[in-house]
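Open your viewer and get ready to select a few elements one after another. Here is a short tour of what each stop has to show.

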Amino acid sequence: MTVLVTGGAGYVGSVLTGLLLEKGCKARVLDALLHGGQALLGAWGNPNFDFVRGDIRDIRLVEQCLEGVDAVVHLAAIVGDPACAREPDTARAVNLGASLELWKASQRQGVPRFIFASTCSNYGRMNDSSKYVDETSELRPVSLYAETKVAVENAILKSYPEGRTSPTILRFATVFGVSPRMRFDLTVNEFVAKMILEKNLTVFGEQFWRPYIHVKDVARAVTGILESPLESVGGRVFNVGSTQENYQKKQLVDLIQPYAPQARISYVHKQEDPRDYRVSFERIASDLGFKPLYTVEDGIRQVADLVNSGLVTDPNKPEYQN
């Protein structure tokens, strides 16, 4: 199988690219290298690896990258609420406009499979956080990032099954863990680094819920979709994570505390948070047999070991942020 991975040099993409190569797939990466390309050095020289530097908004380049491709995994995006809020026009052009053009181009060229990386942030704020949302729940995006993801989801599903391309929507939980393109602006990774190195952390809205998933499990979920029969995944939406891995922010702090016993924690209580959701992941577990291998506790230990090793001297450097 030849797989085009857009954003393949990124936090998730670099892990996925490595896993695809391990499985004997041909991995073609299209990435603008906004955050550098060192994460792909391990793949360089592999005969099944092909790299194209370019912007996902360049439709001619995109069409060239789609030649001979069996599947597209579309990860490229302006990722996260702060980055989208800072450059909203760029976020709309990349996350919405370019994503829709990539989908249309994939249909024109008859690419059999198309996986769109979406987010559980689409669920926004729940009316009752004692209950779980699932793939049938109302989407209530409260950020530009989530709004663009919902818009692309709707457009893709509306146009299916008119074309020859079979899409699958994956709504990822909040990702954590060590990656070749490391990030320390994600909740778990950020909390660990600040508590260990700065011995200080301010937590806003400690009672609000989020689901979490290890970056390696994200890659495993994607390859699992690629290996599944089209009739099992075509035109479907899957939350990607584990129902047991929903946590409040204070619960995360409590899990990290043994690794940073000297850390001072300040809680800034907030009555309102636009994102407060507990997510059920029973569909992907029951229908596809997907079960994450790593827990939040595993990820905390890995990130703590990385921080304590001295390999990362300053987690606040721009290269570790989006």
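Two strands count as paired if DSSP finds at least two bridges between them. Keep in mind along the way that this is a predicted model.

With that in hand, select strand S9 (residues 209–214) together with S11: three bridges join them, and the two run antiparallel. Zoom in on Trp209, whose bridge partner in S11 is Gln248.

Now widen the selection to the whole open sheet, three strands in the order S7-S9-S11 with mixed pairing. At its edges are strand S7 (174–176) and strand S11 (246–248), each paired on one side only. On average, neighbouring strands here are turned by 50° against each other, direction ignored. Add helix H11 (residues 296–309), which packs on this sheet and touches S7, S9 and S11. The direction of H11 makes about 65° with that of S9.

Next, pick strand S8 (residues 200–204) and show its side chains. Which of them are buried? Leu201 and Val203 are, pointing to one face, while Asn200, Thr202 and Phe204 point to the other and are not buried. S8 pairs with strand S12 (residues 264–268) in the parallel sense over five bridges, and Thr202 stands opposite Ser266 of S12.

Last stop: helix H4 (residues 88–108) and helix H5 (residues 144–158), which pack at an angle of about 15° with their axes 10 Å apart. That angle makes H4 roughly parallel to H5. Their crossing is right-handed. Show the contact residues, including Leu96 and Trp103 of H4 and Val152 and Ile156 of H5. By class, this contact has 11 nonpolar, three polar and one charged residues.

Methods: Residues numbered from 1 in each chain as written. Predicted model: local features only at pLDDT ≥ 70, side-chain atom pairs only at ≥ 80, totals over all residues. Heavy atoms only, no water. Buried < 20%, exposed > 50% of the residue type's maximum accessible area, 1.4 Å probe, protein only. Helix = DSSP H or I, 4+ residues; strand = E, 2+ residues; numbered from the N terminus. Axes fitted to C-alpha atoms, helices over the stretch in contact; angles between N-to-C directions. Contact = heavy atoms within 4.5 Å. Parallel < 35°, antiparallel > 145°, perpendicular 65-115°, else oblique. Left-handed = near helix turned anticlockwise from the far one by under 90°. Nonpolar A, V, L, I, M, F, W, Y, C, P; charged D, E, K, R; others polar.
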